[in-house]
Amino acid sequence: MNKSLTLRRPDDWHLHLRDGAMLNAVAPHSADFGRAIIMPNLVPPVVTGDQARAYRDRIMAALPDGAPLRPLMTLYLTETTEAADLVAAHADGLIAAVKLYPAGATTNSASGVKDFDKVRPVLAAMAEAGVPLCVHGEVTDAEVDIFDREAVFIDRVLDPVRRATPGLRVVMEHITTEDGVAYVRQNAADGAMGGTITTHHLVINRNAILAGGFRPHYYCLPVAKREKHRLALREAAMSGPGPFFLGTDSAPHTDSAKLQPCGCAGCFTAPNTMAILAQVFDEDGKLDQLEAFTSLNGPAFYGLAPNEDSVTMTRHDAPVETYPTTIVAGDETVTVFDPGFPLYWQMESA
Ligand code: NCD
Ligand code: ZN
């Protein structure tokens, strides 16, 4: 018999939709989410309220008619961000959060922050106005091992910034370590912190990228860590009501950009994310906690109501064959994240 589960429509609290031909190709694959926090790391980045408004219009135009998805925009924090523009954009409901990329940490982060002292006044204004800060939590120092960059970021940057800016609400984005899980948990009281977890970090550890041949489609940032960290993320994601929520970090790149001597970081998980999540929660006997992770904890952090409508996840007896393995964007292909197991689950509007 088919197993099924009805839950509030899920949201994606960390999504890359890109622009132009790529936006048109990928937006339909996230269209059945209720809301998504849209990452601002375009080239050039989305740094002003006006740019966020124009980007939101391009996203709306790329979505199928009647799609449930409502994009929640973010601004890209730079050392020259104007606090007044940012606070006004939030007060107008134009942006839901601000994104902090340490300069050089990941794809299109060159305009990010090098000197955290320079953004202290903006962070103070955000704390005052209740604008959440979404943080890419990795140090960029060349001497720090890439597998340690998240844990070192917590001690060297995140904790000092939070202490220096009382009241600043922070989302530690795409956490990949038990250290990230512990830090969010310890600091989550009164909604002071949240943590997003991606779909792919619940499925792969670093062996998927490096053992038995190099697999660039599993390379993303923060890079997947060793198995004990994946297990900590699974436990956090499945822990029910609390500070952890889904941010897929679905980050499409063309295959030609990924498959080269210096390939891009990012896993494109939008087309099969909910199927993968239902399967991993089911595997661990935690299907009853899926709704908290995908549909309740995120809105609670952002001070929003859960989506009013629902979706039904159904487990079929045979693998669902309709998930694409690649999609076409302009003249290029984009490979969809392969979880390494057949997918039996499918999401339908209830
Ligand atoms: C993201 C991208 O491609 O924009 N890449 C990734 O590996 N996750 C940027 C990011 O979120 O780090
Ligand atoms: Zn991202």
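## Ligand 1 and the zinc ion

In this predicted model, the side chain of His-16 places an N or O atom 3.1 Å from an oxygen atom of ligand 1. Taken alone, ligand 1 exposes 310 Å², and the protein buries 100% of that area. The table sets this contact of His-16 beside those made by the side chains of His-136 and Asp-249, with each distance running from the named ligand atom to an N or O atom of the side chain.

| Side chain | Atom of ligand 1 | Distance |
|---|---|---|
| His-16 | oxygen | 3.1 Å |
| His-136 | oxygen | 3.3 Å |
| Asp-249 | nitrogen | 2.7 Å |

The space that ligand 1 takes up is the largest cavity. Around ligand 1 there are 15 residues, of which Asn-41, Thr-106, Leu-221, Asp-249 and His-253 are the closest, and this shell consists of 9 polar, 4 nonpolar and 2 charged residues.

Which residues coordinate the zinc ion (ligand 2)? His-14 and His-16 do so through their NE2 atoms and Asp-249 through OD, at 2.0 Å, and in sequence these donor residues follow the spacing H-x1-H-x232-D. The arrangement around the zinc ion is irregular, because its 4 donor atoms subtend angles of 92 to 137°. His-16 and Asp-249 therefore appear in both settings, as donors to the zinc ion and as side chains in contact with ligand 1.

Key. Residues are numbered from 1 along each chain as its sequence is written. Chains are lettered from A and ligands numbered from 1 in the order in which they are written. This is a predicted model: local features need pLDDT of at least 70, side-chain atom pairs count only at pLDDT 80 or more; totals for chains, interfaces and linings use all residues. Side-chain values use heavy atoms; hydrogens and water are left out. A residue is near a molecule or strand if one of its heavy atoms lies within 4 Å of it. A polar contact is a pair of N or O atoms within 3.5 Å; within protein, one must be able to donate a hydrogen and the other to accept it, and residues adjacent in sequence count only if both atoms are side-chain atoms. Accessible areas come from the Shrake-Rupley method with a 1.4 Å probe; for residues, only the protein chains shown count as cover. On a 1 Å grid over the protein atoms alone, a cavity is a set of points where a 1.4 Å probe fits but cannot get out, and a pocket is an open set with protein on both sides within 12 Å along at least five of seven lines; lining residues have an atom within 4 Å of a point. A molecule sits in a cavity or pocket if more than half of its atoms lie within 2 Å of its grid points. Ala, Val, Leu, Ile, Met, Phe, Trp, Tyr, Cys and Pro count as nonpolar, Asp, Glu, Lys and Arg as charged, and the others, Gly among them, as polar. Donors are N, O and S atoms within 2.8 Å of the metal (3.2 Å for Na, K and Ca); water is not among the atoms, so sites may look incomplete. Four donors count as tetrahedral if all angles lie between 85 and 135 degrees; four count as square planar and six as octahedral if opposite donors are over 155 degrees apart and all others between 65 and 115; anything else is irregular.
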